[in-house]
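Me: I've got this model open and I'd like a close look at one part of it. Could you take me through a single strand and what surrounds it, in plain language?

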Amino acid sequence: MVPPADRRYSRSHVWGKRGEQGDVRAGLTHVPGVFLGDVVSVELPPPRTEVAAGEPIGLVESSSTVFELLSPVSGIVVERNAEVESIPRKVTKDPYGDGWLLTIRPSDPGELSALLDPEEYERFIGAE
């Protein structure tokens with residue numbers, strides 16, 4: 001799977017996409033899905049939670065492991081995807097679509113630009 005060109009990527013395999021209002025929608029890339037397998041639960045912070053770039057913000061649990069989510073940017077959670085909490089397999093089945101995790105109102109909009117572009121991310125995952 002090729003990472004979409006309209007996003008930025010963290011080295012912790014989380015993508016971020018700026019919306020029309022400047023908020024950043026975030027989700028897991030396709031890479032964790034390879035080892036997660038069947039996702040059984042997703043834990044996300046509630047709206048109005050303050051998050052910091054690179055810090056833990058939730059968990060994705062599968063039948064074989066637990067993956068700790070790290071925030072791609074600093075800011076305030078404004079929305080979380082309740083669908084992935086009730087249908088957790090969407091996180092790996094449609095990671096760049098319906099499997100998105102949450103939306104963050106960034107405190108520093110420049111943080112998103114500092115993440116890897118799609119080509120850099122592809123080189124990064126190729127080197128792992």
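Reply: Let's start with a pairing: V14 has L28 in β3 as its bridge partner. Keep in mind throughout that this is a predicted model. That V14–L28 bridge belongs to the pairing of β2 and β3, which is antiparallel and runs over five bridges. The two strands make a hairpin with five residues between them. In the turn you'll find G22, with a positive phi of about 95°.

Now look at the other partner of β3. Residues 24-28 of β3 pair with residues 102-106 of β9, again in the antiparallel sense, this time over three bridges. Two of the bridge partners are easy to pick out on screen: V24 goes with I104, and A26 goes with L102.

Zoom out and you can place β3 in the whole sheet. The sheet is open and antiparallel, with six strands in the order β1-β2-β3-β9-β8-β5. The edges are taken by β1 (8-9) and β5 (50-51); each has a single partner strand, so one side of each is left without a neighbour in the sheet. As for β3, four of its five residues are buried, so the strand is largely enclosed by the rest of the structure.

Just before β3 comes a residue worth a stop. D23 sits in the loop between β2 (14-18) and β3. Its relative accessibility is 14%, and because the cut-off for buried is under 20%, D23 counts as buried. Its side chain makes a polar contact of 2.9 Å with the side chain of R105, and R105 falls within the 102-106 stretch of β9. Not counting neighbours within four places in sequence, D23 is in contact with K17, R18, V78, T103, I104, R105 and P106. I104 on that list is also the bridge partner of V24.

Finally, there's some empty space to look at. Rolling a probe the size of a water molecule over the atoms shows where empty space is left. Here the count comes to one cavity of 30 Å³ or more, and the largest cavity holds about 40 Å³. Its lining is made up of V14, A26, G27, I57, L69, L70, L101 and L102. The elements giving two or more residues to that lining are β3 and β7 (66-70). By type, the lining has seven nonpolar residues, one polar and no charged. Some names should be familiar by now: A26 and L102 both line the cavity and are bridge partners, while V14, also in the lining, is the residue bridged to L28.

Notes. Residues numbered from 1 in each chain as written. Predicted model: local features only at pLDDT ≥ 70, side-chain atom pairs only at ≥ 80, totals over all residues. Heavy atoms only, no water. Pairing = 2+ DSSP bridges. Buried < 20%, exposed > 50% of the residue type's maximum accessible area, 1.4 Å probe, protein only. Polar contact = N/O pair within 3.5 Å; in protein donor to acceptor, adjacent residues only side chain to side chain. Contact = heavy atoms within 4.5 Å. 1 Å grid on protein atoms, 1.4 Å probe; cavity = no way out; pocket = protein on both sides within 12 Å on 5 of 7 lines; lining within 4 Å. Points joined across faces, edges and corners; volume = space filled by probe spheres on them. Nonpolar A, V, L, I, M, F, W, Y, C, P; charged D, E, K, R; others polar.
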